Amino acid sequence: MTLIIKILFFLIGCFFLKTNINKLRKLYLFFEALKDYKLFRSEQSLVFIAPLLICIELFISLSFITSISNYAVLAGIFMQLFYIFLNLKTINQVYTNNCGCFSMQTPRNVNSKSVFINIALLFIIIFLYGLKIRYY
């Protein structure tokens, strides 16, 4: 059972890594996508927050791939809660400055599907962590 849990965490880590590499390649576009959501009042705070989100996601993905750290699981939960909050706050809105490159976390057209995907990923992380606690 522990091997299955490690494999599932590895797959989730690869998923986070794939989205993270996309954000690293298009850092300015991710900044613009977050700016379009108007969640933060000043661009100066966003200059700090956008790279911070990318670094946290990189930590999560590498931790899930190499070893399952409790800190990585907590960071993953908080990261997903942030994106769920962001999507719920802006549901049914379409953003013109958003490139649509980050369709899972900051989609151009925010709808219930994007919220559901983030909620499902949150529950998968929590479920796998529960299995890890039980079988390790």
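These notes go through the helix packing, the core and three individual residues of a predicted model.

1. **Core membership.** The largest nonpolar core has 34 residues. Within that core, Phe 30, Phe 64 and Ile 125 touch the most other members. Five elements give two or more residues each: helix H1 (2–25), helix H2 (27–36), helix H3 (43–66), helix H4 (70–89) and helix H5 (112–135). The most comes from H4, with 8 residues.

2. **Phe 30 as a core residue.** Which residues does Phe 30 touch, beyond those up to four places away in sequence? They are Lys 23, Ala 50, Leu 53, Ile 54, Tyr 83, Phe 102 and Thr 106. Phe 30 is one of the buried residues of H2.

3. **H2 and its cover.** Phe 30 has company in H2: Phe 31, Glu 32, Ala 33, Leu 34 and Asp 36 are buried as well. Note that Glu 32 and Asp 36 appear in that buried set. The cover over the buried residues of H2 includes H1, H3 and H4.

4. **Asp 36.** This residue sits in helix H2. Is Asp 36 buried or exposed? Its relative accessible area is 9%, and the cut-off for buried is under 20%, so Asp 36 counts as buried. Leaving out residues up to four places away in sequence, Asp 36 touches Tyr 95, Thr 96, Asn 97 and Asn 98.

5. **Lys 38.** Lys 38 belongs to the loop between H2 and H3. Just after H2, the residue takes a positive phi of about 55°. Its relative accessibility is 65%, and the cut-off for exposed is over 50%, so Lys 38 counts as exposed. In sequence, Lys 38 and Leu 86 are 48 residues apart. In space, their C-alpha atoms are 9.9 Å apart.

6. **H1 against H3.** These two helices pack with axes 7 Å apart, at an angle of about 150°. H1 and H3 are therefore roughly antiparallel to each other. H1 passes H3 in a left-handed crossing. From H1, the contact uses Phe 9, Phe 10, Ile 12, Gly 13, Cys 14, Phe 16, Leu 17, Thr 19, Asn 20, Lys 23 and Leu 24. H3 answers with Ile 54, Glu 57, Leu 58, Ile 60, Ser 61, Leu 62, Phe 64 and Ile 65. By class, the H1 and H3 contact holds 13 nonpolar, 4 polar and 2 charged residues.

7. **H1 against H5.** Here the axes are 10 Å apart and the angle is about 150°. The cut-off for roughly antiparallel is over 145 degrees, so H1 is roughly antiparallel to H5. The crossing of H1 past H5 is left-handed. On the H1 side are Thr 2, Ile 5, Leu 8, Phe 9, Ile 12, Phe 15 and Phe 16. They meet Leu 121, Ile 124, Ile 125, Leu 128, Tyr 129, Leu 131, Lys 132 and Tyr 135 of H5. The residues of this contact divide into 13 nonpolar, 1 polar and 1 charged.

8. **Phe 15.** Phe 15 lies in helix H1. The residue is partly exposed, at a relative accessible area of 33%. Setting aside neighbours within four places in sequence, Phe 15 is in contact with Met 104 and Leu 121. Leu 121 also figures on the H5 side of the contact with H1. Phe 15 and Ser 61 are 46 residues apart along the chain, with a C-alpha separation of 7.7 Å.

9. **H3 against H4.** The two axes come within 9 Å and cross at roughly 135°. That makes H3 oblique to H4. The crossing is left-handed. H3 brings Leu 53, Ile 56, Glu 57, Phe 59, Ile 60, Ser 63 and Phe 64. H4 brings Tyr 71, Ala 72, Val 73, Ala 75, Gly 76, Met 79, Phe 82 and Tyr 83. By class, the contact has 12 nonpolar, 2 polar and 1 charged residues.

10. **Cross-references.** Some residues recur in these points. Phe 64, named above for its core contacts, takes part in the contact of H3 with H1 and in the contact of H3 with H4. Ile 125, also named for the core, is on the H5 side of the contact with H1. Tyr 83 of H4 meets H3 and is also touched by Phe 30.

Note on methods. Residues numbered from 1 in each chain as written. Predicted model: local features only at pLDDT ≥ 70, side-chain atom pairs only at ≥ 80, totals over all residues. Heavy atoms only, no water. Core = buried A, V, L, I, M, F, W, Y, C linked by side-chain atoms within 4.5 Å. Buried < 20%, exposed > 50% of the residue type's maximum accessible area, 1.4 Å probe, protein only. Helix = DSSP H or I, 4+ residues; strand = E, 2+ residues; numbered from the N terminus. Contact = heavy atoms within 4.5 Å. Axes fitted to C-alpha atoms, helices over the stretch in contact; angles between N-to-C directions. Parallel < 35°, antiparallel > 145°, perpendicular 65-115°, else oblique. Left-handed = near helix turned anticlockwise from the far one by under 90°. Nonpolar A, V, L, I, M, F, W, Y, C, P; charged D, E, K, R; others polar.
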